[in-house]
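Trainee: I am new to this structure. Can you show me how to read it, one feature at a time?
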Amino acid sequence: MGWKAAEKLVRHWKILRGDNVMIIRGKDKGETGLIKRVIRSQNRVIVDGKNLVKKHIKQGEGHEGGIFTVEAPIHVSNIQVVDPVTGKPCKVGTRYLEDGTKVRVSRGIGASGSIIPRPEILKIRTTPRPTAAGPKDTPMDLVLEKTYDAKSGKGMPDL
């Protein structure tokens with residue numbers, strides 16, 4: 001990527017994986033779908049089952065060749081989040097509720113101003129946290145060992 005392209009990267013993403021979006025330009029204009037993947041380095045997203053293209057793949061070791069239908073990335077400027085109340089495309093803004101939590105809201109012409117919920121898929125970890133201690137983990141007895149006492153000054157280095 002050249003420096004001109006890097007200048008135009010979206011800095012504050014308002015579209016998340018799992019959002020329900022409508023395609024506003026291109027061959028699938030007017031269709032809705034869920035975002036499968038966000039490619040921030042290219043300002044593009046992959047929408048589930050949309051923008052399908054034929055890909056010719058050469059046969060190699062371990063896989064078969066042929067012509068496959070795959071989802072191509074769509075530029076982020078060609079999609080908009082669907083308003084959960086009206087079902088129309090809208091812009092995304094942020095608001096703070098009375099209790100201080102930050103939420104996304106629909107805004108723009110014809111938008112209801114309702115809260116856009118955070119997608120459930122983001123709450124699921126892609127790689128689960130390890131439950132057993134690994135070879136590089138510090139043992140619990142060393143972690144819980146008290147090495148400094150503030151009252152007596154025990155544990156302070158001799159300067």
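Mentor: This is a predicted model. Start with helix 2, residues 140–143, where Val-143 lies.

Trainee: Is Val-143 buried, partly exposed or exposed?

Mentor: Read the relative accessible area against the cut-offs: under 20% is buried, over 50% is exposed. Val-143 has 48%, so it counts as partly exposed.

Trainee: Which residues form a nonpolar patch on the surface with Val-143?

Mentor: Met-140 and Leu-144 join Val-143 there. Together the three have about 340 Å² of accessible area.

Trainee: Now the sheet. In what order do the strands come?

Mentor: The general idea comes first. Strands of a sheet pair through backbone hydrogen bonds, either parallel or antiparallel. Here, 8 strands form an open sheet with antiparallel pairing, in the order 6-3-2-1-7-8-9-10. Strand 6 (74–75) and strand 10 (115–116) each have a single partner strand, so one side of each has no neighbour in the sheet.

Trainee: How many bridges join strand 1 to strand 7?

Mentor: There are 3, between residues 20–23 of strand 1 and residues 79–82 of strand 7. Met-22, for one, has Gln-80 in strand 7 as its bridge partner.

Trainee: Which residues touch the most other members of the largest nonpolar core?

Mentor: Among the 14 residues of that core, they are Ile-15, Val-21, Ile-35, Val-45, Ile-79 and Val-81. Strand 1, strand 3 (44–47), strand 7 and strand 8 (89–96) each give two or more residues to the core.

Trainee: What does Ile-35 touch, leaving out residues up to four places away in sequence?

Mentor: Its contacts include Ile-15, Leu-16, Val-21, Val-45, Val-47 and Ile-79. Arg-17 and Asp-19 are also among them.

Key. Residues are numbered from 1 along each chain as its sequence is written. This is a predicted model: local features need pLDDT of at least 70, side-chain atom pairs count only at pLDDT 80 or more; totals for chains, interfaces and linings use all residues. Side-chain values use heavy atoms; hydrogens and water are left out. Two strands pair if DSSP finds at least two bridges between them. Helices (H or I, at least four residues) and strands (E, at least two) are DSSP runs, numbered from the N terminus. A nonpolar core is a set of buried Ala, Val, Leu, Ile, Met, Phe, Trp, Tyr and Cys residues joined through side-chain atoms within 4.5 Å. Buried means under 20% relative accessible area, exposed over 50%, partly exposed in between (1.4 Å probe, protein chains only). Contact means heavy atoms within 4.5 Å. Patches are made of residues with over 30% relative accessible area and no salt bridge: like charges are joined within 9 Å, nonpolar side chains (Val, Leu, Ile, Met, Phe, Trp, Tyr) within 5 Å. Accessible areas come from the Shrake-Rupley method with a 1.4 Å probe; for residues, only the protein chains shown count as cover. A salt bridge is a side-chain nitrogen of Lys or Arg within 4 Å of a carboxyl oxygen of Asp or Glu.
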